[in-house]
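Reader: I am new to this structure and would like a close look at one part of it. Please take a single strand and describe what surrounds it.

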Amino acid sequence: MNFIGIDLGATKIKAGIISENGEIINKITTDTPVGGEVDVVVNSIGMLVNRLLKTGGITARHIKDIDVGTPDMKAADARVPGIEAADKKVPDIKAADVEKQNTEVAGVRRSDTRNTGKSSDIENINVEIPDIKGIGIGIPGACNDEGLVYYAPNLFWNNVPLGELLKEKIDIPVFIENDATMATVGEVACGVARGVSNCVLITLGTGIGSGIIINNDVYSGSHGIGSEIGHMIVGENFYNCNCGNNGCLETFSSATALIKYTKKLLKDTDNNSVYDSLIFKKINGGTGLLDGKLIFDCAKKGDPIATKAVDRLVKYLAIGIGNIINILDPEMIIIGGGISKAGDYLIDKLNKEIPRNIWLKSMNLTKIVRASLGNNAGIIGSAVYAGSRLDL
Ligand SMILES: [Zn+2]
């Protein structure tokens with residue numbers, strides 16, 4: 001039994017065939033159509049599904065009347081921005097990303113997965129894949145159980161009936177949830193939180209994404225708009241959040257927030273101290289080169305400005321995590337996203353700071369860990385989520 005997991009991001013759409021054990025059988029990526037026009041995105045998703053089914057050795061009988069038109073994909077592909085890039089990427093991605101997983105899939109020889117870029121080679125893969133039972137899609141926003149996307153700011157979507165639109169195109173049950181929630185499902189199914197019943201994932205990237213699992217099930221609230229830890233108000237800040245509020249965690253502890261605050265420090269610190277600082281030397285005075293990794297690297301080397309910026313990120317993240325622990329008492333809090341690459345340096349700082357914010361300090365039991373599935377968490381989690389929603 002297999003499922004398709006799709007991670008619909010603002011810049012890329014990733015899709016993969018995932019086994020019921022959470023193994024990636026095949027995976028492809030395309031650019032998200034610029035501007036996020038709904039019909040074009042729906043077509044791109046349909047094409048990715050179609051292509052996955054083909055590359056997986058399955059006929060495309062599940063696709064009803066999608067514009068990709070299975071017999072003549074090229075003509076349809078040309079109408080959809082971004083798909084040309086996807087065409088070129090399929091062989092590369094198969095070779096680079098899928099080879100390792102394919103070696104673990106019964107019946108697939110390493111030589112079978114090698115791809116020379118010809119479609120005949122793709123279709124000749126000697127894999128028997130049973131029917132795809134369901135498709136899960138993680139979206140960068142909030143939606144209800146029917147797949148009505150209330151709001152997805154980076155796609156410029158408001159009240160888009162994505163579930164219904166896909167139902168008209170694809171004859172496989174589709175289940176839609178927030179992308180960070182899907183990633184959390186992935187970590188619980190096959191990652192660092194395997195076997196954990198209650199946990200929270202916080203992804204620290206451009207923004208802050210989050211997912212909550214309570215009693216082995218996802219929790220997104222009564223209307224699908226909950227589980228937004230990035231908008232937990234944890235203090236007063238010098239700029240407002242994109243949501244319009246002031247003090248959201250996202251404005252303290254995302255990579256964007258870290259860069260903004262570091263720029264402020266560089267501006268506000270007296271000239272002599274700035275010129276002496278490692279971080280100032282690294283960026284040659286131009287703040288355009290600042291990124292989360294550089295700031296953490298400089299902090300690790302003891303640079304006072306970078307350390308001050310990192311410590312502020314940690315302080316407010318620890319307040320947010322303390323609040324989560326006080327309310328939910330999860331077994332584990334998983335830190336993902338680009339900032340989590342700071343590794344033990346970040347986790348150690350958090351573990352020092354969090355006890356200040358929990359009410360029962362003698363019971364500091366929640367484990368703080370790094371996410372383990374990286375970019376694959378979304379597609380794996382989406383596929384697992386689809387499986388969990390079907391009565392199989
Ligand atoms: Zn906010």
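Reader: In which sense do strands E1 and E2 pair, and over how many bridges? Please start there and work outwards.

Author: This is a predicted model. In it, strand E1 pairs with strand E2 (residues 12-19) in the antiparallel sense, over seven bridges. The two strands form a hairpin, with three residues between them. Within this pair, isoleucine 6 of E1 stands opposite alanine 15 in E2.

E1 itself covers residues 2-8 and is mostly covered, since seven of its seven residues are buried. Asn2, Ile4, Ile6 and Leu8 point one way from the strand. Phe3, Gly5 and Asp7 point the other way, and the residues of both groups are buried.

E1 also pairs with strand E4 (residues 132-139), here in the parallel sense and over six bridges. In this pairing isoleucine 4 stands opposite isoleucine 135 in E4.

These pairings belong to an open sheet of five strands, in the order E3-E2-E1-E4-E8, with mixed pairing. Strand E3 (24-31) and strand E8 (174-178) are at the edges with a single partner strand each, so one side of each has no neighbour in the sheet. From one strand to the next, the twist averages 15°.

On the E4 side, the sheet continues to E8. E4 and E8 run parallel and are joined by five bridges. Isoleucine 135, the residue that stands opposite isoleucine 4, also stands opposite valine 174 in E8. Helix H6 (residues 162-169) packs on the sheet and touches E4 and E8. The direction of H6 makes about 155° with that of E8. Helix H7 (residues 179-190) packs on the sheet as well, touching E1, E4 and E8. For H7, the angle with the direction of E8 is about 105°.

A residue in E4 gives a closer view of this area. Isoleucine 139 is found in that strand. Isoleucine 139 has 25 other C-beta atoms within 10 Å, and it therefore counts as buried. Not counting residues up to four places away in sequence, isoleucine 139 touches Leu8, Val149, Ala152, Leu162, Ile176, Asn178 and Asp179. Isoleucine 139 and threonine 181 are 42 residues apart in sequence, yet their C-alpha atoms are 9.4 Å apart in space.

Back in E1, isoleucine 6 has contacts of its own. Leaving aside neighbours within four places in sequence, isoleucine 6 is in contact with Ile13, Ala15, Ile45, Leu48, Ile135, Gly136, Ile137, Ile379 and Ser382. Ala15 in this list is the residue that stands opposite isoleucine 6 in E2.

Two residues of E1 also stand out in the largest nonpolar core, which has 103 residues. Ile4 and Ile6 are among those with the most contacts inside this core, together with Ile295 and Ile380. The largest share of the core, 13 residues, comes from helix H13 (residues 304-328). Domain 1 (2-190) and domain 2 (199-371) both give residues to the core, so it lies between them.

There is a second open sheet of five strands, in the order E11-E10-E9-E12-E13, also with mixed pairing. Its edge strands are strand E11 (217-218) and strand E13 (367-370), each of which pairs on one side only. Strand E10 (residues 208-214) and E11 run antiparallel and are joined by two bridges. Isoleucine 213 stands opposite valine 218 in E11. H7 packs on this sheet, touching strand E9 (199-204), E10, E11 and strand E12 (332-336), and its direction makes about 50° with that of E10. H7 also touches E1, which leads back to the starting point.

For the wider setting, the protein has 15 helices and 13 strands. Buried residues make up 45% of its 392 residues. Among contacts between residues at least 6 apart in sequence, 64% join residues at least 24 apart.

Definitions and conventions. Residues are numbered from 1 along each chain as its sequence is written. This is a predicted model: local features need pLDDT of at least 70, side-chain atom pairs count only at pLDDT 80 or more; totals for chains, interfaces and linings use all residues. A residue is buried if 20 or more other C-beta atoms lie within 10 Å of its own, exposed if 12 or fewer, and partly exposed in between; C-beta atoms are placed from the backbone. Helices (H or I, at least four residues) and strands (E, at least two) are DSSP runs, numbered from the N terminus. Two strands pair if DSSP finds at least two bridges between them. Two residues are in contact if their C-beta atoms, placed from the backbone, lie within 7 Å. Axes are lines fitted to C-alpha atoms, for helices over the stretch in contact, and angles run from 0 to 180 degrees between N-to-C directions. A nonpolar core is a set of buried Ala, Val, Leu, Ile, Met, Phe, Trp, Tyr and Cys residues joined through C-beta atoms within 7 Å. Domain bounds come from an automatic or database domain assignment.
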